[in-house]
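Thanks for sharing this one. Here are my notes, point by point, to read alongside the model.

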Amino acid sequence: MGEAREELYPLKRDREESDRLDHQHRYLVDLFGGNAIHPSIPKDRLFDIADIATGTGIWLKDVSKLLKDVPTDRPRYYHGFDISPDQFPSEPGDLHFSVQDVMKPFPVEHQNRYDLVHVRLLIGALKEEDIKGVVANLATLLKPGGYLQWDDFDMSSMTLNNKDEYPFNAEIVQIMLDFQRNSGYSLCLPARIHEGCQQAGLASVNRYDYSTGEKPELREKTHAWMRRAHRALLGVGLLRAGRATDRQSAERNVEEMIKGAEREFAAGCLPVIVMGVVVGQKS
Ligand SMILES: C[S@@+](CC[C@H](N)C(=O)[O-])C[C@H]1O[C@@H](n2cnc3c(N)ncnc32)[C@H](O)[C@@H]1O
């Protein structure tokens with residue numbers, strides 16, 4: 001089971017990838033209008049905070065700084081969980097980190113403990129049929145009144161408009177969609193998370209969408225983020241989409257596609273993708 005999960009996850013965990021995740025965090029917070037914690041969640045009642053599939057722990061680190069400005073009469077506790085410790089910070093300071101597969105029950109000391117459980121970007125780690133079980137597992141971490149916030153991509157939002165004008169970007173969209181389908185990932189992850197929250201008995205479940213297409217002011221940042229995401233993902237994408245037979249030819253194709261996509265960015269192409277933020281509360 002553990003091995004199969006590791007094979008499913010398409011990204012590396014080296015220094016370059018950690019740096020990419022940290023930059024991506026800043027970009028996504030910009031895309032969300034500057035909010036790492038969704039504005040529908042009141043910040044003054046957040047004392048125990050968990051970040052699931054935390055990667056480098058960048059969200060947790062950022063939020064621990066942000067909440068320093070919110071008065072509290074008790075110490076706050078921050079915990080990051082990930083299936084691999086490889087990207088955990090070498091100097092965690094006041095933050096705690098431990099290895100945990102989201103598919104497995106959490107240790108009892110973490111159950112009913114958290115006021116906020118945050119998850120981001122498990123799109124490349126879960127099969128569609130596993131999502132509801134994962135939401136139910138995460139709900140066990142919440143105190144009554146605690147919030148779950150899950151930020152992830154809605155791949156069905158990627159459009160192939162302007163195929164003739166922007167053939168490289170259209171081709172990349174097609175590869176990413178084939179890659180998603182062939183890996184068994186969800187094309188509509190926020191919708192599945194929303195259903196999972198309702199089935200897990202969470203209350204006030206809401207979904208908020210943030211589209212790259214609606215933020216032209218972020219154009220340069222969107223291009224920079226996509227450039228790095230393409231470099232990290234397209235090679236595996238080509239292999240899993242069945243469009244390359246070996247890693248070397250995949251890498252050659254990636255370079256060509258990235259150059260082509262770059263020319264189209266300069267000519268005005270702004271690819272659309274929606275990030276959904278789903279928020280639910282334990283009764
Ligand atoms: C794309 S990274 C996102 C990291 C972080 N949430 C962020 O937004 O910067 C996905 C993370 O999920 C972790 N992951 C993959 N499968 C997992 C699983 N079954 N349980 C827990 N974490 C998992 C990976 O190790 C990786 O750190």
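**Notes on the sheet and its helices**

1. E1 and E2 pair in the parallel sense over five bridges, where pairing requires at least two DSSP bridges between two strands. Within this pair, Asp51 stands opposite Gly80 in E2. Strands here are DSSP E runs of at least two residues and helices are H or I runs of at least four, numbered from the N terminus.

2. A word on the basis: this is a predicted model, in which local features need pLDDT of at least 70, side-chain atom pairs count only at pLDDT 80 or more, and totals for chains, interfaces and linings use all residues. Residues are numbered from 1 along each chain as its sequence is written.

3. Helix H3 (residues 58-66) joins E1 and E2 in a right-handed β-α-β unit; right-handed means that, with the strands pointing away from the viewer, the path from the first strand over the helix to the second runs clockwise.

4. Five of the six residues of E2 (residues 77-82) are buried, so this strand is largely enclosed by the rest of the structure. Buried means 20 or more other C-beta atoms within 10 Å of the residue's own, with C-beta atoms placed from the backbone.

5. E2 also runs parallel to E3, with four bridges between them; Phe81 has Ser98 of E3 as its bridge partner. On E1, four bridges lead to E4, again in parallel, and Ile49 stands opposite Leu116 in E4.

6. The whole open sheet has seven strands in the order E3-E2-E1-E4-E5-E7-E6, with mixed pairing. Its edge strands are E3 (96-99) and E6 (203-211), each pairing on one side only.

Key: Buried ≥ 20, exposed ≤ 12 C-beta atoms within 10 Å, placed from the backbone.
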